[in-house]
Amino acid sequence: MNAFGLIQIGLILLCTTTTISSLQCSHLPLQQRKVIENSLQLLDKMGKKFPQQCLGEKMSFRFPEQVLKPRQKETVKVAIEEIFQHIFYIFSKNLTLAAWDGRALEQFQNGLYQQIEQLEACVIKKPTHCFRSKEVNRLKLKKYFQKIDCFLKDKQHNLCSWEISRAEMRRCLQLIDKVIRKLNN
């Protein structure tokens with residue numbers, strides 16, 4: 001086969017891959033809703049009911065909802081990707097005292113990881129006039145998740161701190177689901 005034939009095959013493969021990727025990206029909102037629904041079920045399955053001994057330790061982290069209310073869909077997708085990355089990070093360390101269902105936790109982590117990969121492939125990361133608002137959103141999310149991380153560290157990753165964090169991640173995923181539903185209507 002000559003060089004021209006190899007170039008043609010390469011172009012065909014490139015076009016096929018691009019078409020498959022664009023098809024996957026066009027179904028991204030539906031995939032996200034399914035992943036979030038599954039993640040919420042796995043969060044429930046991971047642990048049992050909220051422990052009575054933890055009721056006195058409630059903590060308000062105040063999710064920065066404004067990061068999910070920008071005018072552009074791409075900005076929302078970037079924020080959602082960032083949120084998934086933070087959740088994945090939090091649920092990937094010091095889980096020994098959580099006493100959760102290990103299989104459900106692993107499935108939860110895998111679902112998040114796959115969604116992060118999908119979002120990274122589909123989100124257009126080009127500089128725009130909204131760069132400043134994206135950075136402000138990124139900093140707000142970072143601050144929010146740092147509060148959760150510090151709370152876990154301060155409580156030495158004890159059972160109650162993990163249960164409170166799990167409840168907070170549930171609220172976070174529910175907010176994302178609500179936003180995705182609005183974007184698709």
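This passage describes the internal cavities of a predicted model, along with one of its helices.

Rolling a probe the size of a water molecule over the atoms shows where empty space is left. Applied to the whole structure, the search finds two cavities of 30 Å³ or more. The largest cavity holds about 60 Å³ of space, and the volume of the second largest is about 30 Å³.

A look at the walls of the largest cavity is a good place to start. Its lining is made up of Thr 75, Val 78, Ala 79, Glu 82, Lys 134, Asn 137, Arg 138 and Leu 141. Two helices, H3 (73-90) and H5 (131-154), each contribute at least two residues to this lining. In character the lining is mixed, with three nonpolar, two polar and three charged residues. Glu 82, Lys 134 and Arg 138 are the charged members of the set, while Thr 75 and Asn 137 are the polar ones.

The second largest cavity is lined by Phe 50, Lys 58, Met 59, Ile 164, Ala 167 and Arg 171. Here four residues are nonpolar and two are charged, with no polar residue in the lining. The charged pair consists of Lys 58 and Arg 171.

Three of these lining residues, Ile 164, Ala 167 and Arg 171, bring helix H6 into view, as this helix covers residues 159-183. Helix H6 has 25 residues and spans 36 Å from its first C-alpha to its last, close to the 36 Å expected at 1.5 Å a residue. At the start of H6, a side-chain oxygen of Asn 158 comes to within 3.3 Å of the backbone nitrogen of Cys 160.

Key. Residues are numbered from 1 along each chain as its sequence is written. This is a predicted model: local features need pLDDT of at least 70, side-chain atom pairs count only at pLDDT 80 or more; totals for chains, interfaces and linings use all residues. Side-chain values use heavy atoms; hydrogens and water are left out. On a 1 Å grid over the protein atoms alone, a cavity is a set of points where a 1.4 Å probe fits but cannot get out, and a pocket is an open set with protein on both sides within 12 Å along at least five of seven lines; lining residues have an atom within 4 Å of a point. Grid points are joined across faces, edges and corners, and a volume is the space filled by probe spheres set on the points. Helices (H or I, at least four residues) and strands (E, at least two) are DSSP runs, numbered from the N terminus. The expected span of a helix is 1.5 Å times one less than its number of residues. A polar contact is a pair of N or O atoms within 3.5 Å; within protein, one must be able to donate a hydrogen and the other to accept it, and residues adjacent in sequence count only if both atoms are side-chain atoms.
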